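Let's work through some exercises on a two-chain model together. Have the sequence and the structure open as you go.

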Amino acid sequence: MSTVTTQEPLDARDRVQGALSGMRRPPAPSALSASLTMGWRALLKIKHVPFQLFDATIFPLTSTLLFTYLFGGALAGSPREYIQFLLPGILMQSVVFVTVYTGVGLNTDIDKGLFDRFRSLPIWQPAPLVGALLGDGLRYSLSGLLVIALGLVLGFRPQAGAVGVLLALALVLVFAFAVSWIWVVVGLVAKRPESVMTWSFVLFPLTFLSNAFVNPVTHLVTATRALMHGEPASEAVAWVLVASAAITAVFAPIAFRLYGRER
Amino acid sequence: MSRIREESPGEPLAVEATGLVKRFGATRAVDGIDLAIRRGTIFGLLGPNGAGKTTTIRVLATLLRPDGGHARVLGHDVVREAAAVRAKISLTGQFASVDEDLNGRENLVLIGRLQGFAWRDAKRRAEELLEAFDLADAAARPVRAYSGGMRRRLDIAASLVVTPELLILDEPTTGLDPRSRSHVWEIVRSIAAAGTTVLLTTQYLEEADRLADRLAVIDHGRVIAEGTSHDLKAAVGGSMLHVRLRDGARTSEASAILGQVLGHEVHAGSDPATLAASVHDDAVVGDALAALSRAGIGIAEATLGRPTLDEVFFALTGHPAEESEREEVA
């Protein structure tokens, strides 16, 4: 057999072999450790590609400004009054919009073959899924805080103070986590990352425009507004928690089932 | 390069598959494949796109469940002992399966952590591999800025964070330029020389010929030939006669004459004015050439030699190796 002519230095072979004989295989990581490692990966992605975060928050931010100053006076007497009413809705909208990226990220991993690599590693198999959700939690919190910070600058004055705002944000996060299971399912089913986005154009208007008698989104906005302004909120909060539990109960098992499926 | 070793009893084969079947709906992507791969060798699965190569290795890597037949990898059943198989193998997929948003170092640390290394060890291992695969300078650059060759090297490095007993490479050089390709070949040889069994798929006959100790030719989900590239060439029959004509317009006439004298099918060579035919008895070659000159067909060049793997593939399947190459949308 003829030898391939190569410009590589002669020691290339030695170097590769040296790196091979390195360390022995450590014991397989625990489920927690594998999930946290995948969460670390999600953090790195936020660090390296922060656009994803802005992409989903800039639209709500600009619409906050637009609505407040354009329609604020007309609708509620003054922009300052209007933002008290508007901000909870914007908060919900921006965080729930970010959940799409859960599906997009997952689908990209499958598309690029990264999932094959993860699945052929000796790790707890759902770790990539759980780790991605950990990263998503941070993304949701960041976009929520961004909207609240801008609101405060624009004159948003929550009657219930910091505690009310944090409770409201926590409730939005609970709901966002529930919704992200839907996106996990879409991400696992969709053929391409772009089609996950297409799904969002179909699903979101349906959710937001729905006037059905149990629209969880309406309840979420009511609950968020009530928590922030110190009004009675328990009924709306209960509705949101029930809805979140129901969405999770339906979509999480489907997601795990699809995840274990062959591709 | 055929390093045929005596099979030592008791040592399980790296891969042992019998009657493997995998269906996708109505198509049988893998249709009864048998494989026996000895440890420490480089084994090539050769075939056109869609022949069932990738499906076969995905079954062996425990990513797909077979619908029929059995497979054992390093002594473990791929269905019942999938975790044990995963602990001993590494898979490098067809499209460099690395995270494009992360840099090279982070990709390797990530895999190191998922293999169970402590942070410090994972980082040390990443540096060793970056150094060994000529990626140290690019370690802090995002992978999306890497060239195809660099990406492929990082991909292979990620498969070696823990030295596997079996390394599976799916089309390791598809889409690479010649220089990157020979670099990857050198890496694969080094890995095998260090004792890791390598199973690779390829649609390049040259690659299979140069790298693999043994080959299985796959077409339509079946193994149609198996052996060393030497064996395969010999199986096609003695020699190949290549004739280049002075006048390209007379190829069909010449083809008929050669076929009649040699008693074998004659097919077109790589150039328009060339013909190729397998020859079992070298003695009739003189008669064949004489018949051409009697018919007034001028011969520019005639050579008698061993068949190339391309010709082997043609003889085995009835179609050229890269005919069914279709645009695969990544």
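**Exercise 1.** Which handedness does the crossing of α5(B) and α6(B) have? Work out how the two helices pack.

*Solution.* Before starting, note that this is a predicted model, in which local features need pLDDT of at least 70, side-chain atom pairs count only at pLDDT 80 or more, and totals for chains, interfaces and linings use all residues. Residues are numbered from 1 along each chain as its sequence is written, while chains are lettered from A and ligands numbered from 1 in the order in which they are written.

Step 1: α5(B) and α6(B) cross in a right-handed way. (A crossing is right-handed if the near helix is turned clockwise from the far one by less than a right angle, and left-handed if anticlockwise. Helices are DSSP runs of H or I with at least four residues, strands are E runs of at least two, and both are numbered from the N terminus.)

Step 2: α5(B), residues 148-159, packs against α6(B) at about 15 degrees, with the axes 10 Å apart. (Axes are lines fitted to C-alpha atoms, for helices over the stretch in contact, and angles run from 0 to 180 degrees between N-to-C directions.)

Step 3: That angle makes α5(B) roughly parallel to α6(B). (Under 35 degrees counts as roughly parallel, over 145 as roughly antiparallel, 65 to 115 as roughly perpendicular and the rest as oblique.)

Step 4: Gly148(B), Gly149(B), Arg152(B) and Ile156(B) of α5(B) meet Ser180(B), His183(B), Val184(B) and Ile187(B) of α6(B). (Residues are in contact if their C-beta atoms, placed from the backbone, lie within 7 Å.)

Step 5: By class, this contact has 3 nonpolar, 4 polar and 1 charged residues. (Ala, Val, Leu, Ile, Met, Phe, Trp, Tyr, Cys and Pro count as nonpolar, Asp, Glu, Lys and Arg as charged, and the others, Gly among them, as polar.)

**Exercise 2.** Describe the packing of α9(B) against α10(B) in the same chain.

*Solution.* Step 1: The axes of α9(B) (251-262) and α10(B) (284-294) come within 9 Å and cross at roughly 150 degrees.

Step 2: α9(B) is therefore roughly antiparallel to α10(B).

Step 3: The crossing of α9(B) past α10(B) is right-handed.

Step 4: From α9(B), the contact uses residues including Ile257(B) and Leu258(B), and from α10(B) residues including Ala288(B) and Asp287(B).

Step 5: Sorted by class, the residues of this contact are 9 nonpolar, no polar and 1 charged.

**Exercise 3.** Now turn to chain A and treat α7(A) and α8(A) likewise.

*Solution.* Step 1: The axes of α7(A) (127-154) and α8(A) (161-189) come within 10 Å, crossing at roughly 140 degrees.

Step 2: With that angle, α7(A) is oblique to α8(A).

Step 3: Their crossing is right-handed.

Step 4: Among the residues in contact are Leu133(A) and Tyr140(A) of α7(A), and Leu169(A) and Val172(A) of α8(A).

Step 5: This contact divides into 10 nonpolar, 4 polar and 1 charged residues.

**Exercise 4.** How many residues does each chain bring to the contact?

*Solution.* Step 1: Chain B brings 46 residues and chain A brings 39.

Step 2: On the side of chain B, the elements giving two or more residues are α2 (82-86), β6 (89-92), α3 (104-114), α4 (119-132) and α6 (178-193).

Step 3: α6(B) gives the most to that side, with 9 residues.

Step 4: By class, the chain B side has 23 nonpolar, 10 polar and 13 charged residues.

**Exercise 5.** Check how confident the predictor is.

*Solution.* Step 1: The model scores ipTM 0.80 and pTM 0.78.

Step 2: Chain A has a mean pLDDT of 80, with 84% of its residues at 70 or more. (pLDDT is the predictor's confidence in each residue, from 0 to 100.)

Step 3: Chain B averages 85, and 93% of its residues score at least 70.

Step 4: Among the elements of chain B, α11(B) (309-317) has the lowest mean pLDDT, 75, and α3(B) the highest, 95.

Key:
Two residues are in contact if their C-beta atoms, placed from the backbone, lie within 7 Å.
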